[in-house]
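Got your viewer open? Load the model below and we'll walk through it one selection at a time.

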2 protein chains.
Amino acid sequence: MIILDGKATAQKVKSELKEIIAKRKEEDPSFNLSLTVILVGENPASQVYVNNKIKACAKVGITSGLVSLPATVSEQEIIDEIEKLNNDDSVDGILLQLPLPKGFNESKIINHISPLKDVDGLTYIQQGRLYGGKKQLAPCTPMGVMRILKEYNIELEGKNVVMIGRSILVGKPLFELFLDANATVTVCHSRTKNLKEITQKANIVTIAVGSPEMLTADMVADGAVVIDIGINRTENGLKGDVAFDEVSKKASYITPVPGGVGPMTIAMLLSNTLIAHDLRTKNG
Amino acid sequence: MIILDGKATAQKVKSELKEIIAKRKEEDPSFNLSLTVILVGENPASQVYVNNKIKACAKVGITSGLVSLPATVSEQEIIDEIEKLNNDDSVDGILLQLPLPKGFNESKIINHISPLKDVDGLTYIQQGRLYGGKKQLAPCTPMGVMRILKEYNIELEGKNVVMIGRSILVGKPLFELFLDANATVTVCHSRTKNLKEITQKANIVTIAVGSPEMLTADMVADGAVVIDIGINRTENGLKGDVAFDEVSKKASYITPVPGGVGPMTIAMLLSNTLIAHDLRTKNG
């Protein structure tokens, strides 16, 4: 059994990115890569995530900006800030930290972000592009899953992939990425009736449902690849959606929590910022 | 075994639509519903399809327009025509007949259609909306499949649906519609390795690959629902992707070819034209 080391893979992605950015600056002293995060309200978890993103930017040489708005802001004021950033040629990526405080229409606001600066890949246009086989900027967590699979040379073509979870942030874009890689993909969810029977047939199982240790050893085949995209705060500490101790005894490859998919998300956000820059300046 | 009668169901959809349109006109004499088709070049099959669409419009009381352009037209000229129709308040739906003659960038051109007039549901924005759970206008053939299943009260929630084919026109939007209906969905394609083993487990099988009579009786479970979205011209006449004679002996429900999914496509196009009108005039 091999543990898929997301921390090391994320570090590798960031190191490569740092090198690319340094080289670009060398070639063109005016080159600058910049990401602006919009944070609405004072959710402590969101503040931690935003800080981590800003720190990660600094480490690879991306300039970061933070637009911090009170929870009492109006929808239009958030949209106005987005429009300002859309029109600011020095900004490559715009990230609206989710979730917004209650009462905001998230998808309406997100769709004001210029698709070419949408580093989270959540605008309808970027989702539609992914869906239509014309990917530009795809959501960071699913991109991180694909990157870690690639790092360990795990073949996807013709494999049976069973996904549990169908969220817009993770499940649906991940489905597209697996399908693009020519896997046969099954999407399961809370209404699936014979889950265990389905997951037992999978070469690769992914789970992103937010239910601690839900995927147990009896649900996976010997030698399966298991990707845990859940992070749950429990009385016993951080737990994934996979019962790691027992499943790891059957799996050929498995991601731990923490240190698996988690660290990949920020690495792919940084990587998307470069993609966004190139899309806008080189017309993709 | 029950044959899913697409011809009768399409007729029902059209009759209902005709009634709604007549009632709307009664309530508001200025009410008019209009669809414009853009045809580029002289592909005889496309000409037949366009004629059928125009005739179907007339039957339910939709005003139709045809913009016929020579194959020698430039990309920009097509886009200019689209922009004109986008800005024409009397036009509710714009349909670009596909395929375009070789050499055109179809997706670039399609994405100039106003999403609110995109009755084929092929712009990135409409695809992204479908994908993100905010459907407005979805592609007609998959909508037709859902409509015929509804007509026969075939339950989808928790069912195992196996789809063969993953095109942008049919497979991918159909996947979304099945998932929205809480089915467990598996998408198979040419790189799938153990197809028969997978289809045998399905409560519902759909196929849209363009391979005459590919789905044989040994591939389906007793009592399965079989939806044939293929149309193939063969030496022995029109054939679907399903070997109808043998599969119909095992299926509980099955669509014939012709007379199954085919007639539903135009019915849903007409229905989408009304949806488009309402989206634009009532803000959805």
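Start where the two chains meet: chain A and chain B each bring 37 residues to the contact. Keep in mind as you go that this is a predicted model. Put a surface on both chains and look at what gets covered: about 3,300 Å² is buried between chain A and chain B, with carbon and sulfur atoms giving 52% of that area.

Next, select A:Tyr124, A:Tyr131 and A:Lys172 and show them as sticks. Of the area that chain A buries against chain B, this trio supplies 24%, more than any other three residues.

Stay at the interface and switch to charged pairs. How many salt bridges are there between chain A and chain B? The count is four. For one to zoom in on, pick A:Arg191 and B:Glu157: their side chains meet in a salt bridge, at 2.9 Å from N to O.

Now leave the interface and select two helices in chain A, α2 (residues 44–60) and α10 (residues 261–282). They pack with their axes 10 Å apart, at an angle of about 55 degrees, which makes α2(A) oblique to α10(A). Turn the view until one helix lies over the other, and you have a right-handed crossing.

To see what touches, show side chains. From α2(A), the contact uses A:Asn52, A:Lys53, A:Ala56, A:Cys57 and A:Val60; from α10(A), pick A:Ile266, A:Leu269 and A:Leu270. Color them by type as a last step: the residues of this contact split into six nonpolar, one polar and one charged.

Terms used
Residues are numbered from 1 along each chain as its sequence is written. Chains are lettered from A and ligands numbered from 1 in the order in which they are written. This is a predicted model: local features need pLDDT of at least 70, side-chain atom pairs count only at pLDDT 80 or more; totals for chains, interfaces and linings use all residues. Side-chain values use heavy atoms; hydrogens and water are left out. Axes are lines fitted to C-alpha atoms, for helices over the stretch in contact, and angles run from 0 to 180 degrees between N-to-C directions. Helices (H or I, at least four residues) and strands (E, at least two) are DSSP runs, numbered from the N terminus. Angles under 35 degrees count as roughly parallel, over 145 as roughly antiparallel, 65 to 115 as roughly perpendicular and the rest as oblique. A crossing is left-handed if the near helix is turned anticlockwise from the far one by less than a right angle, and right-handed if clockwise. Contact means heavy atoms within 4.5 Å. Ala, Val, Leu, Ile, Met, Phe, Trp, Tyr, Cys and Pro count as nonpolar, Asp, Glu, Lys and Arg as charged, and the others, Gly among them, as polar. Buried area is the accessible area (1.4 Å probe) that two parts lose on being put together, summed over both.
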